[in-house]
Amino acid sequence: MPNNYKNGDIRGRFNGSGPVAIIDIGSNSVRLVVYERLSRSPSPLFNEKVLAGLGRGVGLNGEMDPLRVEVALKAISRFKAISKQVGVTMLRIVATAAVREANNGPAFISEVERICDTQVQILSGKGEAHYSAMGVVSGFQNPNGLIGDLGGGSLELVEISKEDVGHGITFPLGGLRLQDNSHRDIVQAQEIAKTVLQNAEWLSEAGAGKNFYAIGGTWRSLGRLHLFQEGYPLHVMQEYTIPAEVAVEFCDRVIRKQTNKLREIKVISKARRTLLPYGAAVLKEVVLQSKVDQVVFSALGIREGLLYDLLDQEERKKDALYEAAYEISALRSRSPKFGLELEAWTEGALLAAGIIESDRERRLRLAACHLADIGWRAHPDYRGEQSLNIISNGSFIQVDHPGRAYLAMSAFYRHEGLVDDAVSPQILSLCSERLQMLARIMGALLRIASLVSASTAGVLGRTSISFVDGKLALCLPEGLKDLDGERLNKRVKQLARIFDMKGAILIR
């Protein structure tokens, strides 16, 4: 396995690239994200935003407020210093609607470039839509439908079908702009959103019966508020999904009520709360007019789209979930090679049992193989719980929430055993009955594999799971017969009980 340690720093262990950073100058926030390296599954090392509100008033008077410009420039000076401290090898700076449209935008950009000694890329509306779409392509498995990126100054909508980015358009419906143009009258804001979006006749053709991928801080805040109000078991916004009718009803509640009186509002920063009704008004109209089937919230957007655009074709084709699982295994497990052995061994066991996996189930199992041993350094009493929490709430992409639950349960069962009431019923409820069954089988297989091999490479490939004379058997070669033991027998029988069979160890 590749291990490129240099001066004790493992961040460049796979491709030698150092940290890469993006400063995103939006109409509402200015944000720095430093990523560990340029890869298919980027991991943020540092993330900080300042709600400078550069877009406030631009739609009315054409100027960015000097005080807000000062706040933004101060934040950017800090971000430059942080980037230098971290050792960033590549810095990209992008600016969107507010800077693009303001009369004093060019002077602001000149100052940013002086501070950072880096050219600023001013994105057009189509540019914003393109990179937002690339962010969704990078983070979702075969996306299909309509993407919406709501910023402070504009809304970008674009069609998506797998990797094909289709028709897109920009609307003047950003949260700050809508608040300004409606003079903070939410009823008028709804009318503006409805009128503007009615001009986009292609929305229903692009979205009917498909997904709407919601991007942007205000919409993520709406999703987060809904997630907490529902008591949802995972606190992960990436691929949090709600039916379209539920989204419309929730938006109505946000619009009607005073935001600060909404239950669980404390999970949203105070600076974000004032824009929630305006974001809700736009989301409601998009959903109604596009006739989408469900709303899927995305934690990825322009920044991740920029990173994805920098990758070569070979890197883009990689499975982001598998890459992330392998990388965590390289960092946390006892032997990454053991995870590779698990891939073939578990496949053989499932085939012997007559279980035919779908493509989705197979890629989940392969990822589970590399996540099986990441909790081994924890106290034995907490390995299962820690693994479940790390996996279920980890920053994985290209995996939906049922998939997360499957991965988490597989690792949990591997450490805790197949105790029916050990896993939270809420976590179980995220999975279909088949995924629950596959997680139990996978957990039982992992328990056998870890005990027969001590989670190290070189042994597992010499063993197999077979069905012999009506029994489920762990087959060991003569040279490994001394590995037979009472505890291993118990785990084989535990797996066999899932299939209503007897279990045994056979020496061949």
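In this predicted model, Glu156 has a wide set of contacts beyond its neighbours within four places in sequence: Gly125, Glu128, Ala129, Ile147, Gly148, Asp149, Ile169 and Thr170. Glu156 itself belongs to strand S7, which covers residues 155–161. Although Glu156 is buried, it takes part in no salt bridge. The nearest side chain of opposite charge is that of Arg100, at 4.7 Å. A salt bridge requires a side-chain nitrogen of Lys or Arg within 4 Å of a carboxyl oxygen of Asp or Glu, so a separation of 4.7 Å between Glu156 and Arg100 does not qualify.

Polar contacts of the Glu156 side chain are nevertheless present. One, of 2.8 Å, is made with the side chain of Ser154. Another, of 3.4 Å, is made with the side chain of Thr170, a residue that also appears in the contact list of Glu156.

**Salt bridges**

Across the whole structure, a search finds 20 salt bridges. Three of them are set out below, with the closest N to O distance for each.

| Pair | N to O distance | Separation in sequence |
|---|---|---|
| Asp24 and Arg303 | 2.9 Å | 279 residues |
| Arg56 and Asp180 | 3.2 Å | 124 residues |
| Arg363 and Asp319 | 2.8 Å | 44 residues |

The salt bridge between Asp24 and Arg303 links distant parts of the chain, with Asp24 in strand S1 (residues 20–25) and Arg303 in helix H13 (residues 302–310). Both Asp24 and Arg303 are buried.

The side chains of Arg56 and Asp180 also meet in a salt bridge. Arg56 is placed in the loop between S3 and helix H1 (58–61), and Asp180 in helix H6 (residues 175–181), so this pair ties together parts of the chain that are 124 residues apart in sequence. Arg56 is buried, as is Asp180.

For the salt bridge of Arg363 with Asp319, the two partners again come from distant parts of the chain: Arg363 from helix H17 (residues 359–371), and Asp319 from the loop between helix H14 (313–316) and helix H15 (320–332). Their accessibility classes can be stated separately. Arg363 counts as buried because its relative accessibility is 15%, whereas Asp319, at 25%, counts as partly exposed. Salt bridges that share partners also join Arg100, Glu101, Glu128 and Arg177 into one network. Within that network, Glu128 is in contact with Glu156, and Arg100 is the nearest side chain of opposite charge to Glu156.

**Aromatic pairs**

The structure holds six aromatic pairs. One of them is formed by Phe212 and Trp219 in an edge-to-face arrangement, with 5.6 Å from centre to centre and 75° between the planes. Phe212 and Trp219 are both buried. Phe467 and Phe499 form another edge-to-face pair, with a centre-to-centre distance of 5.8 Å and an angle of 90° between the planes. This pair links distant parts of the chain, 32 residues apart: Phe467 lies in strand S12 (residues 464–468), and Phe499 in the loop between helix H22 (486–498) and strand S14 (502–507). Phe467 is partly exposed because its relative accessible area is 28%, and Phe499 is partly exposed because its value is 24%. In addition, Tyr232, Tyr240 and Phe297 form one aromatic cluster.

**Cysteines**

A disulfide is a covalent bond between the sulfur atoms of two cysteines. A search of the whole structure finds zero disulfides. For Cys475, the closest cysteine sulfur is that of Cys369, and the 19 Å between the two sulfur atoms is too far for a bond. With a relative accessible area of 5%, Cys475 is buried. Cys116 is likewise buried, because its relative accessible area is 1%.

**Leu45**

Leu45 is located in strand S3, which spans residues 44–50. Its relative accessibility of 39% is the reason that Leu45 counts as partly exposed. Leu45 and Ala21 are 24 residues apart in sequence, and their C-alpha atoms are 9.5 Å apart in space.

Technical notes:
Residues are numbered from 1 along each chain as its sequence is written. This is a predicted model: local features need pLDDT of at least 70, side-chain atom pairs count only at pLDDT 80 or more; totals for chains, interfaces and linings use all residues. Side-chain values use heavy atoms; hydrogens and water are left out. Helices (H or I, at least four residues) and strands (E, at least two) are DSSP runs, numbered from the N terminus. Buried means under 20% relative accessible area, exposed over 50%, partly exposed in between (1.4 Å probe, protein chains only). Lys and Arg count as positive and Asp and Glu as negative; His and the chain ends are not counted. A polar contact is a pair of N or O atoms within 3.5 Å; within protein, one must be able to donate a hydrogen and the other to accept it, and residues adjacent in sequence count only if both atoms are side-chain atoms. Contact means heavy atoms within 4.5 Å. A disulfide is a pair of cysteine sulfur atoms within 2.5 Å. Rings of Phe, Tyr and Trp (its six-membered ring) pair if their centres lie within 6.5 Å; planes under 30 degrees apart count as stacked, over 60 as edge-to-face and the rest as tilted.
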